[in-house]
Structure formats: structure tokens, C-alpha cells
Amino acid sequence: MSKPIQGTCLCGRVQYRVTGPFDVFHLCHCSQCRRSTGTAHAANIFTTEDRLEWLAGEDLVKRYIPDREGVISKAFCTHCGSLVPYTSLKSGRLIIPAGSLSEPPGIEPDDNIFWRDRADWYDAGLAAEHVEQFPDD
Ligand SMILES: [Zn+2]
Ligand SMILES: [Zn+2]
């Protein structure tokens with residue numbers, strides 16, 4: 001077991017702690033993950049359910065259960081909408097949205113999955129200018 005790592009949603013009401021080491025880290029470019037996150041790809045770390053401990057706001061966590069077969073699920077803070085960890089209905093594994101972690105997870109992405117499904121603008125985005133803050137114009 002490694003040192004516990006904390007994570008939180010944007011508003012700070014939901015807080016959790018996870019303990020690694022973690023199994024695998026996927027960047028998922030599938031269309032469902034793009035739509036679910038509203039961005040280019042999901043960044044999900046996989047582990048087992050027993051590694052998670054809620055520290056605050058567990059009652060604010062809403063679990064989205066899809067009403068159709070083959071649709072991914074998710075969990076989020078009902079106050080700010082940020083994704084938070086949840087257990088996959090399909091695999092039973094704990095999925096941690098890496099962006100919600102407050103410290104480095106000690107694991108790097110293993111792969112970019114569903115690469116062919118990536119956003120049309122993703123490659124151009126990687127090549128675009130890197131700027132340190134929101135531009136003035
Ligand atoms: Zn929140
Ligand atoms: Zn996906």
C-alpha cells in the first residue's frame with residue numbers, strides 16, 4: 001500500500017481519499033467519454049473499490065445510471081457537477097477521474113484508448129500554442 005492521495009470536486013464539498021498502487025490509467029477518447037466529460041477525453045485511473053474512502057459530501061454524490069444498455073455511467077457532485085470516483089457497473093472496478101486528484105497519483109497514463117474516435121480537433125489542439133494563462137484579448 002502506498003501513501004493515501006486526496007481528491008475533491010470543484011466546489012470542495014465532496015472530498016475523498018484513495019490509496020494506491022493503482023492498476024491502470026487510461027485516457028479514453030470514445031464518443032461517450034467525450035460527451036460525458038465535455039472535453040477531449042476521459043482520464044481514468046482504475047483500482048478496486050476498497051481503496052476509496054469518502055471524507056466529506058458523500059451525500060452530494062449522484063450516480064448516473066444509464067437507462068440503455070451499452071452506455072457508460074458516471075458519478076458527480078450535485079452542487080458543482082464535477083466528476084468523482086465511482087464503481088463501474090460492468091466491471092465492478094473503482095474508476096477515479098484523474099483530474100479530481102489533488103496530488104500526483106504515482107502512475108502515468110498507460111495508453112490512449114479509442115484513439116480512432118478522438119475529437120477531430122484533438123491533434124490540432126496538441127500542436128496549438130502553449131500559453132500560461134487565459135489570453136488578454
Ligand atoms: Zn462539488
Ligand atoms: Zn470512453
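What follows is a short chat about the sheets, cysteines and largest pocket of a predicted model.

Reader: What kind of model is this, predicted or not?
Author: It is a predicted model.

Reader: Let's start with the five-strand sheet. What is the strand order?
Author: The order is 8-9-4-3-10. The sheet is open, and its pairing is mixed.

Reader: Which strands stand at the edges?
Author: Strand 8 (86-87) and strand 10 (111-113). Each has a single partner strand, so one side of each is left without a neighbour in the sheet.

Reader: Mixed pairing, then. Which sense do strand 3 and strand 10 take, parallel or antiparallel?
Author: Parallel, over three bridges. In that region, Leu27 stands opposite Asn112 in strand 10.

Reader: And strand 3 with strand 4, parallel or antiparallel?
Author: Antiparallel, with five bridges. Val24 has Phe46 of strand 4 as its bridge partner.

Reader: What about strand 4 and strand 9? How many bridges?
Author: Four, and the two strands run antiparallel. Asn44 stands opposite Pro97 in strand 9.

Reader: What holds paired strands together in general?
Author: Backbone hydrogen bonds, in either a parallel or an antiparallel arrangement.

Reader: Is strand 4 mostly covered or mostly open?
Author: Mostly covered. Five of its six residues are buried.

Reader: Back to Pro97. Buried or exposed?
Author: Pro97 is buried, because its relative accessibility is 9% and the cut-off for buried is under 20%.

Reader: How far is Pro97 from Lys3?
Author: Their C-alpha atoms are separated by 18 Å. Along the chain, Pro97 and Lys3 are 94 residues apart.

Reader: New topic. Where does the order 1-2-5 come in?
Author: That is an open sheet of three strands, with antiparallel pairing. Strand 1 (4-8) and strand 5 (52-56) are at its edges, each with a single partner strand, so one side of each lacks a neighbour in the sheet. On average, neighbouring strands of this sheet are turned by 25° against each other, direction ignored.

Reader: How many bridges join strand 2 and strand 5?
Author: Four, in the antiparallel sense. Strand 2 covers residues 15-19. One bridge pair is Tyr16 with Trp54 of strand 5.

Reader: Now cysteines. How many disulfides are there?
Author: Zero, in a search of the whole structure.

Reader: Remind me, what is a disulfide?
Author: A covalent bond between the sulfur atoms of two cysteines.

Reader: How about Cys30, buried or exposed?
Author: Cys30 is buried, because its relative accessible area is 11%, and buried means under 20%.

Reader: And where does Cys80 fall?
Author: Cys80 counts as partly exposed, at 26% relative accessibility.

Reader: Last topic, the largest pocket. How much space lies in it?
Author: About 910 Å³.

Reader: How many residues line the largest pocket?
Author: The lining has 40 residues. Nearest the centre of the pocket lie Cys33, Ile72, Ser73, Tyr86 and Ile95.

Reader: Which elements supply at least two residues of that lining?
Author: One helix is among them, helix 1 (31-37). The strands include strand 3 (24-28), strand 4 (42-47), strand 7 (74-77) and strand 9 (94-97).

Reader: What is the split of the lining by class?
Author: The lining has 21 nonpolar, 15 polar and four charged residues.

How values were computed
Residues numbered from 1 in each chain as written. Chains lettered and ligands numbered in written order. Predicted model: local features only at pLDDT ≥ 70, side-chain atom pairs only at ≥ 80, totals over all residues. Heavy atoms only, no water. 1 Å grid on protein atoms, 1.4 Å probe; cavity = no way out; pocket = protein on both sides within 12 Å on 5 of 7 lines; lining within 4 Å. Points joined across faces, edges and corners; volume = space filled by probe spheres on them. Nonpolar A, V, L, I, M, F, W, Y, C, P; charged D, E, K, R; others polar. Pairing = 2+ DSSP bridges. Axes fitted to C-alpha atoms, helices over the stretch in contact; angles between N-to-C directions. Disulfide = S-S within 2.5 Å. Buried < 20%, exposed > 50% of the residue type's maximum accessible area, 1.4 Å probe, protein only.
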